[in-house]
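Biologist: Please take a close look at one part of this model for me, namely the sheet and the residues that belong to it. I am in my first year, so explain each term when you first use it.

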Amino acid sequence: MMNGNNGYGYRHGTNAQLLHQMQSNALHQQARVLRNFVPIPLPFYDWHKTVLEPMELPPIMSGVKTPCKQTFTFLLPREYFLNWSSNNTLLPRYEMQLRFFQVPENYASQELPDDFPLNCVARVEEQHVNLPALIPTNKPNVEPKRPSRPVDITQYCLNVRDYSRPMRLMVEWTGDKRTWAVAIYLVYRVTSEILRDRATGAAKSSDGNNERPNHRQEESVTRNLIRARLGGGNDDEIAMDQLKISLLCPVSFQ
């Protein structure tokens, strides 16, 4: 009889205390800035300024899933939101954008998509931030996931009284061996028309000149090219063919 020992010379109570201390140390690790961090560019958002540098949400070295919490501070660039209104949904406009990422091991500055930690909760100045809803699934033992997209936190940042003091972002999540990151950016949200004009070279710069060469061509040119390719008689024509397939009824197989 070992009288409370686990067979390795340590008492169960001592092991529990050591494990709790290890987890507590992991929870209170100093958050560090992730250097050479590259988020994947988002087509409808022009980056203007990094408000909160990408900060690490550290892993739990033991791998045991543990509730974690980190608090960060940032300054609101108020000059971009002087005429902002919660009822104004017109685009384009400036937004404060919150983004989460999963950082792989041996990260080498590759572009990272948006990804949320397990059981992620975010608050700005004690205001609960609405994150993308969990994707429904009926598969057993599958970790719930959220859509890979950023979060607009402009309204939460502008609902405070004193803009001169630093604002607080609190993040809670269930930690494990994975490393995550969180960042806040000032972005300019554009419309599909603006993106189209950029692609075709129709977008104008502040001096009235085209930002890019004009790649637009007349509609008649496109139609004539399609007719020529489908009409035959040319070396670069599109070959037309037919394919007949017999289908069987999945019930009667007839």
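Modeller: What follows starts with the whole chain and then goes strand by strand into the sheet.

This is a predicted model, in which local features need a pLDDT of at least 70 and side-chain atom pairs count only at pLDDT 80 or more, while totals for chains, interfaces and linings use all residues. Residues are numbered from 1 along each chain as its sequence is written, and side-chain values use heavy atoms, with hydrogens and water left out.

The pLDDT, which is the predictor's confidence in each residue on a scale from 0 to 100, averages 81 over the protein, and 76% of the residues score at least 70. Among the elements, strand E4 (residues 121–124) has the highest mean pLDDT, 97, whereas helix H1 (residues 12–27) has the lowest, 44. Along residues 1–28 the pLDDT stays below 50, although this stretch still has 22 contacts in the model beyond near neighbours in sequence, a contact being heavy atoms within 4.5 Å.

Helices (H or I, at least four residues) and strands (E, at least two) are DSSP runs numbered from the N terminus, and the protein contains 4 helices and 8 strands. Read from the N terminus, these elements follow the order α-β-β-β-β-β-β-α-β-β-α-α.

Now to the sheet. In general, the strands of a sheet pair through backbone hydrogen bonds, either parallel or antiparallel; here two strands are said to pair if DSSP finds at least two bridges between them. By that rule 4 strands make an open sheet, in the order E1-E8-E3-E6, with antiparallel pairing. At its edges stand E1 and strand E6 (151–152), and because each has a single partner strand, one side of each is left without a neighbour in the sheet.

Going across from one edge, E1 is joined to E8 by 9 bridges in the antiparallel sense, and Lys 49 stands opposite Leu 186 in E8. The next pairing, between E8 and E3, is also antiparallel and has 11 bridges. At the other edge, 2 bridges link E3 with E6, again antiparallel, and there Leu 98 faces Val 151 in E6.

E3 deserves a second look, since 9 of its 11 residues are buried; buried means under 20% relative accessible area, exposed means over 50%, and partly exposed lies in between (1.4 Å probe, protein chains only). Within the protein as a whole, buried residues account for 30% of the 254 residues.

One residue that shows how E8 sits among its surroundings is Thr 179, which lies in that strand. Thr 179 has 16% relative accessibility and therefore counts as buried. Its bridge partner is Val 103, and, leaving aside neighbours within four places in sequence, Thr 179 touches Glu 56, Leu 57, Pro 59, Phe 101, Gln 102 and Val 103.

E3 and E8 are also linked by a pair of rings. Rings of Phe, Tyr and Trp (its six-membered ring) pair if their centres lie within 6.5 Å, and planes under 30 degrees apart count as stacked, over 60 as edge-to-face and the rest as tilted. The model has 5 aromatic pairs by this rule. In one of them, Phe 37 and Tyr 107 are tilted, with 5.8 Å from centre to centre and 40 degrees between the planes. Another tilted pair is Tyr 94 with Tyr 188, where the centres are 4.8 Å apart and the planes make 55 degrees; Tyr 94 belongs to strand E3 and Tyr 188 to strand E8, 94 residues apart along the chain. Tyr 94, with a relative accessible area of 24%, is partly exposed, and Tyr 188, at 24% relative accessibility, is partly exposed too.

Strands of the sheet also contribute to a nonpolar core, that is, a set of buried Ala, Val, Leu, Ile, Met, Phe, Trp, Tyr and Cys residues joined through side-chain atoms within 4.5 Å. The largest such core has 34 residues, of which Phe 74, Met 96, Ile 153 and Leu 169 touch the most other members. Among the elements that give this core two or more residues are strand E1 (45–57), strand E3 (93–103) and strand E8 (179–189). A second, separate core has 9 residues, including Leu 112, Ala 181, Ala 183 and Tyr 185.
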